[in-house]
Amino acid sequence: MSAEKEATEAMRDVSNRHSSLPPRTPEMLYNIVRKFYRGAVSHYDLIQEKKSEVRSAWERLQVGGDDAQLRAALHTLFLEFHFYVTCWLQIERALLSLAKQDEGQAAVLARFRTELERHVSVRSQLDQTAVCIEAQLMHSGPEWTCVKEDAYWFEGISFTVDERSLEALHAVYEAILQARK
């Protein structure tokens, strides 16, 4: 076999690396849900601090200067958003697996599908942090009204990590726990 063909075969194996693993047990899936729920909740206060830093940079911009500090603060904030919505993604993935095994969890998935999809959609966009920052400027203009309104634009989704998002996370988690009983 040529070196090029071996490399191609190895690349193919990477994408299939989990195909021969046994499925995760419900207990493992519930542990995943719990750990990522805790991760997202514990990250909430840090995100609020970063939002405050963004707001301060925006206020400095209002009195003059360029937007470099604001862009840097937004970059950090969006990295923190990324962690938070990655937790949502992992919860959704575990819930999808649980829903295949349990009617109660399937009902939870159906009930919260819109909220889960909203967070996961934002997460996929946050993989491109710089593009997301430019999208804010394009959507809200040079006034950066997204900062003033605490409403960031992600391809048709107005989003922020706020009390509403945190309450939705709590509701999803509680519903999963209730369906487990």
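## Overall layout

Read from start to end, the chain runs α-α-α-α-α-α-β-β-α. That makes seven helices and two strands. The model is a predicted one.

The chain has 181 residues, and 41% of them are buried. Long-range contacts are a clear feature. Among contacts with a separation of 6 or more, 78% join residues 24 or more positions apart.

## The nonpolar core

In soluble globular proteins, nonpolar side chains tend to be buried together. Here the largest nonpolar core holds 51 residues. Leu74, Phe78, Phe81 and Tyr152 have the most contacts inside this core. Several elements each give two or more residues to the core: α2 (26–62), α3 (68–101), α4 (103–126), α5 (129–140), α6 (145–149), β1 (152–154), β2 (157–159) and α7 (163–180). Helix α3 gives the most, with 15 residues.

Phe81 shows how the core is put together. Leaving out residues up to four places away in sequence, Phe81 touches Ile47, Lys51, Leu126, Tyr152, Phe154, Phe159, Thr160 and Val161.

## Aromatic rings

The whole structure contains seven aromatic pairs. One of them joins Phe78 and Tyr152. Their ring centres are 5.6 Å apart and their planes meet at 85°, so this pair is edge-to-face. The pair links distant parts of the chain, with Phe78 in helix α3 and Tyr152 in strand β1, 74 residues apart. Both residues, Phe78 and Tyr152, are buried.

Ring pairs also build a wider group. Phe78, Phe81, Tyr152, Phe154 and Phe159 are linked by them into a cluster. Two of these names, Phe81 and Tyr152, are also in contact with each other.

## Helix α4

Start at the N-terminal end of α4. Asp102 caps this end: one of its side-chain oxygens lies 2.6 Å from the backbone nitrogen of Gly104.

How far apart are the end C-alpha atoms of α4, and what span should its 24 residues have? At 1.5 Å a residue, the 24 residues should span 34 Å. The end C-alpha atoms are 32 Å apart, which agrees. Helix α4 also has a kink of about 65°, centred on Phe112.

## Where α3 meets α4

Leu89 sits in helix α3. Arg123 sits in helix α4. The two residues are 34 places apart in sequence, yet their C-alpha atoms are 7.8 Å apart in space.

Are these two residues buried or exposed? The cut-off for buried is under 20% relative accessible area. Leu89 has 15%, so Leu89 is buried. Arg123 has 18%, so Arg123 is buried too.

Their contacts tie the two places together. Beyond its neighbours within four places in sequence, Leu89 is in contact with Val120 and Arg123. On the same basis, Arg123 is in contact with His82, Val85, Thr86 and Leu89. With Thr86 there is also a polar contact, side chain to side chain, at 3.0 Å.

## A point on α2

Glu49 belongs to helix α2. At 48% relative accessibility, Glu49 counts as partly exposed. In sequence, Glu49 and Leu77 are 28 residues apart. In space, their C-alpha atoms are 9.1 Å apart.

## Two residues with positive phi

Most residues other than glycine have a negative phi. Two residues here go the other way. Trp144 has a phi near 50°, a positive value. Glu155 has a phi near 45°, also positive. Neither Trp144 nor Glu155 is a glycine.

Where do these residues sit? Trp144 is in the loop between α5 and α6. Glu155 is in the loop between β1 and β2. Their surroundings are set out by their accessibility values. Trp144 counts as buried, at 1% relative accessibility. Glu155 counts as exposed, at 70%.

Terms used. Residues numbered from 1 in each chain as written. Predicted model: local features only at pLDDT ≥ 70, side-chain atom pairs only at ≥ 80, totals over all residues. Heavy atoms only, no water. Core = buried A, V, L, I, M, F, W, Y, C linked by side-chain atoms within 4.5 Å. Buried < 20%, exposed > 50% of the residue type's maximum accessible area, 1.4 Å probe, protein only. Helix = DSSP H or I, 4+ residues; strand = E, 2+ residues; numbered from the N terminus. Contact = heavy atoms within 4.5 Å. Expected span 1.5 Å × (residues − 1). Bend = angle between axes of the 7 residues up to and from the residue. Polar contact = N/O pair within 3.5 Å; in protein donor to acceptor, adjacent residues only side chain to side chain. Phe/Tyr/Trp six-rings, centres within 6.5 Å; stacked < 30°, edge-to-face > 60°.
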